[in-house]
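Reader: I am new to this structure and would like a close look at a single part of it. Could you take me through one helix with care, residue by residue where that helps?

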Amino acid sequence: FLMEMVLTFGLVSVILGTASGAQNVGIIGALGVGGYIALAGLWASPLSGASMNPIRTLGPDMVANHYQAY
């Protein structure tokens with residue numbers, strides 16, 4: 001759950017840093033966001049599945065009654 005929170009915070013930070021108002025970097029912002037998603041997926045996929053959404057990860061585990069770490 002903590003890993004997913006860190007991934008989500010990083011993704012939101014990248015999106016807001018590249019594509020919001022005065023900081024809009026145009027089409028290059030898509031490369032930054034896509035690069036973050038690719039790297040986060042490679043880095044965190046073995047640990048938590050890298051869904052980058054803590055509730056998306058926690059929900060199926062709650063339904064399956066599976067609360068232990070992988």
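Author: What follows is a walk along helix 1 and the residues that it meets. Please keep in mind throughout that this is a predicted model. Helix 1 covers residues 2-18, and Glu4, which lies in this helix, is a good place to begin. Glu4 has a relative accessibility of 0%, and because buried means under 20%, Glu4 counts as buried. When residues up to four places away in sequence are not counted, Glu4 touches Ser48, Ala50, Ser51, Met52, Asn53, Pro54 and Thr57.

Two of the residues just named, Ala50 and Met52, also belong to the largest nonpolar core, which has seven residues in all and includes Leu7, Leu11, Val33, Ala40 and Ala44 as well. The elements that contribute two or more residues to this core are helix 1 and helix 2, the latter spanning 28-48, and it is helix 2 that gives the most, with three residues. Leu11, one of the core residues, is in contact with Val33, Tyr36, Ile37 and Met52 once its neighbours within four places in sequence are left aside; of these partners, Val33 and Met52 are themselves listed in the core.

The last residue to consider is Thr18, whose place is also in helix 1. Thr18 has a relative accessible area of 16% and is therefore buried, since the cut-off for that word is under 20%. Its side chain reaches back to the backbone oxygen of Val14, with 2.9 Å between Thr18 and that oxygen.

Note on methods: Residues numbered from 1 in each chain as written. Predicted model: local features only at pLDDT ≥ 70, side-chain atom pairs only at ≥ 80, totals over all residues. Heavy atoms only, no water. Helix = DSSP H or I, 4+ residues; strand = E, 2+ residues; numbered from the N terminus. Buried < 20%, exposed > 50% of the residue type's maximum accessible area, 1.4 Å probe, protein only. Contact = heavy atoms within 4.5 Å. Core = buried A, V, L, I, M, F, W, Y, C linked by side-chain atoms within 4.5 Å. Polar contact = N/O pair within 3.5 Å; in protein donor to acceptor, adjacent residues only side chain to side chain.
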